[in-house]
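Please look over the structure shown here with its core, one of its helices and its main pocket in mind.

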Amino acid sequence: MPIMDGYECAKELKKLFREKPDVACPIVACTAFVQEAEREKARQAGMDYYLTKPVTLESIKNTLKNIEGMGDMMKSWILISQ
């Protein structure tokens, strides 16, 4: 990203959403970095989930199922994709 990297973006988004406790802001990292240190760096920045490339449809589905409130939306997406 030209202005800030994903870590800074996550920090800024979490800061914004701290002021709106009734609104969730789950952040999913999607990266080619597989090292545990990178996973921890993402967690420290405020990212809630961490996917490594190559990302599969199954890993996306599983992650979205874990995000509160996404279950019903996922049911719709699954029906559409079949």
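The report below takes up the core, then helix H2, then the pocket.

This is a predicted model, in which local features need pLDDT of at least 70 and side-chain atom pairs count only at pLDDT 80 or more, while totals for chains, interfaces and linings use all residues. Residues are numbered from 1 along each chain as its sequence is written, and side-chain values use heavy atoms, with hydrogens and water left out.

The largest nonpolar core has 9 residues, among them Tyr7, Ala42, Ala45 and Met47; such a core is a set of buried Ala, Val, Leu, Ile, Met, Phe, Trp, Tyr and Cys residues joined through side-chain atoms within 4.5 Å. Helices H1 (6-18) and H2 (36-45) each supply at least two residues of this core, helices being DSSP runs of H or I with at least four residues and strands runs of E with at least two, numbered from the N terminus.

The two sides of H2 are set out in the table, where buried means under 20% relative accessible area and exposed over 50%, with partly exposed in between (1.4 Å probe, protein chains only).

| Group in H2 | Residues |
|---|---|
| Buried | Glu38, Ala42 and Ala45 |
| Exposed, on the face turned away from the buried side | Glu36, Ala37 and Gln44 |

The buried residues of H2 cover an arc of only 65 degrees around the axis, which puts them on the same side of H2; the arc is that of the directions from the helix axis to the C-beta atoms. These buried residues pack against H1 and strand E2 (49-52). Just after H2, Gly46 takes a positive phi of about 110 degrees.

H1 gives the most to the lining of the largest pocket, with 5 residues; a pocket is an open set of points on a 1 Å grid over the protein atoms alone where a 1.4 Å probe fits, with protein on both sides within 12 Å along at least five of seven lines, and lining residues have an atom within 4 Å of a point.

Terms used. Contact means heavy atoms within 4.5 Å.
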